[in-house]
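Hi,

Here is the structure I said I would pass on. Have a look at it first, and my notes follow below.

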Amino acid sequence: MGSGEEDTGAVGGGGAVRGAVLKALVVVGGVLLLRRLRRSTTRWDHARAVADALSGEKFSREQAMKDPDNFFNLRMLTCPATEMVDGSRVLYFEQAFWRTPEKPFRQRFYMVKPCLKEMKCDVELSSYAIRDAEEYKNFCDRPKDQRPQPDEVIADIAEHLTTIHLSRCGRGKRCLYEGSTPPEGFPNNWSGASYCTSDLSIHKNSEVHIWDKGFDDEGNQVWGTKAGPYEFKPAPKSKSKYDDMFSPLNFSAPLSLEKKLDKAYVIDDQ
């Protein structure tokens, strides 16, 4: 009897030990798996995600309907132009009135690449002027064999304009990535400005918010919207381009409005 009781206790003790070991293995395995999952998203993955989100045709139509005094119905079109030797993606970017997409009032190149490891950000987004902007009008709408080719694109990247450092948005925020230029901004002499700043955020479904502002030497804002960033959303695929075609939001702006737009939004960055 006595020896049997001792054997039962030993078996029970061994089971408890095995259970503890299994639990420990599960915990350790979970930690290792979590680390592996975290490592699976590389710096280049973030850069690709940002480049993909920026690409495509987007409009500020909803914003213009809600607040026509401060926002216009604009079309933003971005597409891949080439890739640099180091893997950086170069995108062509243009903006125009919805009704006159063939006449963009703003054109530039975006260069997207990961932030350096020592920097506290995920993606570096730089904008550049285009050496011959006229040659690039409606670049994304043209067949690839009718566009400037990759070597030409690289040769046509002109002066650096701005750089925004983007980071993943924290928990609880609506955005996926967000970033700004440094507080001191970048040199800009358009419409009485001495420097400009930019804020950019990327949201779900490739929605992009952009807020560009120009300031004089005293820090007074001299161009750019004061009501907040422009919110560009992809057009619903099922929506016809002829829907609401008679809405005043979709007609070309008269000269007075274009001048107002110049003051409120456009940067002459060529």
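Let's start with the cysteines. Cysteine 169 is joined to cysteine 175 by a disulfide, with an S to S distance of 2.0 Å. The torsion about its S-S bond is about -115°, so this disulfide is left-handed. Both ends are tucked away: cysteine 169 has a relative accessible area of 15% and is buried, and cysteine 175, at 11%, is buried as well. Do keep in mind that this is a predicted model, and that goes for everything I describe here.

How many disulfides does the structure hold? There are 3. Another one pairs cysteine 115 with cysteine 121, and their sulfur atoms are 2.0 Å apart. That link is left-handed too, with -120° about the S-S bond. Cysteine 115 is buried, with a relative accessible area of 1%, while cysteine 121 comes out at 14% relative accessibility and also counts as buried.

The remaining disulfide is between cysteine 79 and cysteine 140, where the sulfur atoms are 2.2 Å apart. It ties together distant parts of the chain: cysteine 79 belongs to strand 2, cysteine 140 lies in the loop between strand 5 (123-130) and helix 4 (150-155), and 61 residues separate them. The link of cysteine 79 and cysteine 140 is left-handed, with -90° about the S-S bond, and both cysteines are buried. If you count the bonded cysteines along the chain, the pattern is 1-4, 2-3, 5-6. While you are looking at cysteines, note cysteine 196 as well, which counts as buried at 3% relative accessibility.

Now for the strands. Strand 2 (residues 74-83) and strand 3 run antiparallel and are joined by 9 bridges. One place to see this is leucine 74, whose bridge partner in strand 3 is phenylalanine 97. The hairpin of these two strands has 5 residues between them, and glycine 87 there takes a positive phi near 95°. Strand 3 also pairs with strand 4, again antiparallel, through 7 bridges; glutamine 95, for example, has arginine 106 in strand 4 as its bridge partner.

Is strand 3 largely enclosed or open to the outside? Of its 9 residues, 8 are buried, so the rest of the structure largely encloses it.

On to the rings. Searching the whole structure turns up 12 aromatic pairs. One of them is phenylalanine 93 with tyrosine 110, a tilted pair at 4.9 Å centre to centre with 45° between the planes. These two come from distant parts of the chain: phenylalanine 93 is in strand 3 (residues 89-97), tyrosine 110 is in strand 4 (residues 106-114), and they are 17 residues apart. Phenylalanine 93 has 0% relative accessibility and so counts as buried; tyrosine 110, with a relative accessible area of 6%, is buried too.

There is also a cluster in which ring pairs link Tyr92, Phe109, Tyr136 and Phe139. Phenylalanine 139 has a charge over its ring as well: the charged end of arginine 147 sits there, 4.9 Å from the ring centre. You will find a similar arrangement at tryptophan 211, where the charged end of lysine 213 sits over the ring at 3.9 Å from its centre.

Last, the nonpolar cores. As background, nonpolar side chains in soluble globular proteins tend to be buried together. Here the largest nonpolar core has 25 residues, and Val50, Leu54, Val112, Leu166 and Leu200 have the most contacts inside it. Helix 2 (residues 43-54) supplies the largest share of this core, with 5 residues. Apart from this core lies another one, of 15 residues, which includes Leu77, Ala81, Met111 and Ile130.

Which residues does valine 50 touch, leaving aside its neighbours within four places in sequence? It is in contact with Val112, Val123, Leu166, Tyr177 and Ile202. If you want a spot from which to look around the largest core, valine 50 is among the residues with the most contacts inside it.

That is what I have for now. Happy to go through any of it with you.

Cheers

Technical notes:
Residues are numbered from 1 along each chain as its sequence is written. This is a predicted model: local features need pLDDT of at least 70, side-chain atom pairs count only at pLDDT 80 or more; totals for chains, interfaces and linings use all residues. Side-chain values use heavy atoms; hydrogens and water are left out. Rings of Phe, Tyr and Trp (its six-membered ring) pair if their centres lie within 6.5 Å; planes under 30 degrees apart count as stacked, over 60 as edge-to-face and the rest as tilted. Helices (H or I, at least four residues) and strands (E, at least two) are DSSP runs, numbered from the N terminus. Buried means under 20% relative accessible area, exposed over 50%, partly exposed in between (1.4 Å probe, protein chains only). A charge sits over a ring if NZ of Lys or CZ of Arg is within 6 Å of the ring centre and within 35 degrees of the ring normal. Two strands pair if DSSP finds at least two bridges between them. A nonpolar core is a set of buried Ala, Val, Leu, Ile, Met, Phe, Trp, Tyr and Cys residues joined through side-chain atoms within 4.5 Å. Contact means heavy atoms within 4.5 Å. A disulfide is a pair of cysteine sulfur atoms within 2.5 Å.
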